[in-house]
Amino acid sequence: EWKNELSGVLLLWQDDKDGTLYVVNGHHRLLLAKENNVKLVNARILTDVTDKQARAMGALINIAEDSATAIDVAKYIKETNSTREELVKLGVPPKSKILRDGVALSKLSPTLFRKVATGSLSVENAVVIGNELPNNETAQNTIMKKIMTLEAKDKIITQDLLRSLIM
């Protein structure tokens with residue numbers, strides 16, 4: 001059910017090239033408004049920024065509101081070249097699980113990060129790999145091959161097993 005007083009403000013980005021508006025924060029609220037035939041919603045329109053900057057602003061809002069995932073945090077870190085410390089300065093709780101896990105995921109190779117984002121590698125195991133083998137693409141790919149070999153034999157990959165494979 002739609003409650004206007006609780007709906008917050010949507011963040012939109014307007015493409016300078018063609019004037020098209022894109023939602024960068026508030027996708028679910030907009031969908032709920034449409035489902036309830038709401039004609040007007042509160043929105044802030046970003047102009048004079050790139051699509052990448054707009055996406056980063058939307059992601060940062062989700063991170064600060066604790067409605068993001070570790071994958072969102074990692075994408076933000078990768079796209080903005082931010083550090084954990086910079087996110088903390090922006091108001092992200094320093095002990096939050098999504099921050100800790102997002103930092104670990106940001107240290108994955110592009111191949112492994114894609115596997116996490118598409119669900120073919122669990123976030124939990126990817127966090128272990130990111131923490132244990134940060135920014136080491138060769139070692140990460142070697143571990144991923146071991147995981148795939150074991151999974152092909154119907155072996156369940158626990159975090160303890162993964163750590164033993166890494167050592």
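# Reading a sheet, its helices and its hollows

Q: Which helix gives the most to the lining of the largest pocket?
A: Helix α2 does, with five residues. Keep in mind that this is a predicted model.

Q: Which other elements supply at least two residues of that lining?
A: Look for elements that share in the wall. Here β2, α1 and α3 (70-80) each supply at least two residues, as does α2.

Q: What is the volume of the largest pocket?
A: About 400 Å³. There are 17 lining residues, and the closest to the pocket centre are V24, G58, A59, N62 and D72.

Q: How do the lining residues of the largest pocket divide by type?
A: Sort them into three classes. Five are nonpolar, seven are polar and five are charged.

Q: Now the sheet. What is the order of its strands?
A: Read across the sheet, not along the chain. The order is β2-β1-β3. The sheet is open, has three strands and shows mixed pairing.

Q: Which strands are at the edges?
A: An edge strand pairs on one side only. In this sheet the edge strands are β2 (21-25) and β3 (43-46). On average, neighbouring strands are turned by 35° against each other, ignoring direction.

Q: In which sense do β1 and β3 pair, parallel or antiparallel?
A: Parallel. Strand β1, residues 10-14, is joined to β3 over four bridges. For one facing pair, find W13: L46 in β3 stands opposite.

Q: Where does helix α2 pack?
A: Helix α2, residues 51-64, packs on the sheet. This helix touches β1, β2 and β3. Its direction makes about 35° with that of β2.

Q: Which strands does helix α1 lie across?
A: Helix α1, residues 27-35, lies across β1 and β2. Compare its direction with β2: the angle is about 120°.

Q: Last, the enclosed space. How many cavities of 30 Å³ or more are counted?
A: A pocket is open, whereas a cavity is a space that the probe cannot get out of. The count here is one. The largest cavity holds about 30 Å³ of space.

Q: Which residues line the largest cavity?
A: Find W2, S7, G8 and L10, then R29, L30, V41 and N42. Sorted by type, the lining has four nonpolar residues, three polar and one charged.

Conventions: Residues are numbered from 1 along each chain as its sequence is written. This is a predicted model: local features need pLDDT of at least 70, side-chain atom pairs count only at pLDDT 80 or more; totals for chains, interfaces and linings use all residues. Side-chain values use heavy atoms; hydrogens and water are left out. On a 1 Å grid over the protein atoms alone, a cavity is a set of points where a 1.4 Å probe fits but cannot get out, and a pocket is an open set with protein on both sides within 12 Å along at least five of seven lines; lining residues have an atom within 4 Å of a point. Grid points are joined across faces, edges and corners, and a volume is the space filled by probe spheres set on the points. Ala, Val, Leu, Ile, Met, Phe, Trp, Tyr, Cys and Pro count as nonpolar, Asp, Glu, Lys and Arg as charged, and the others, Gly among them, as polar. Two strands pair if DSSP finds at least two bridges between them. Axes are lines fitted to C-alpha atoms, for helices over the stretch in contact, and angles run from 0 to 180 degrees between N-to-C directions. Contact means heavy atoms within 4.5 Å.
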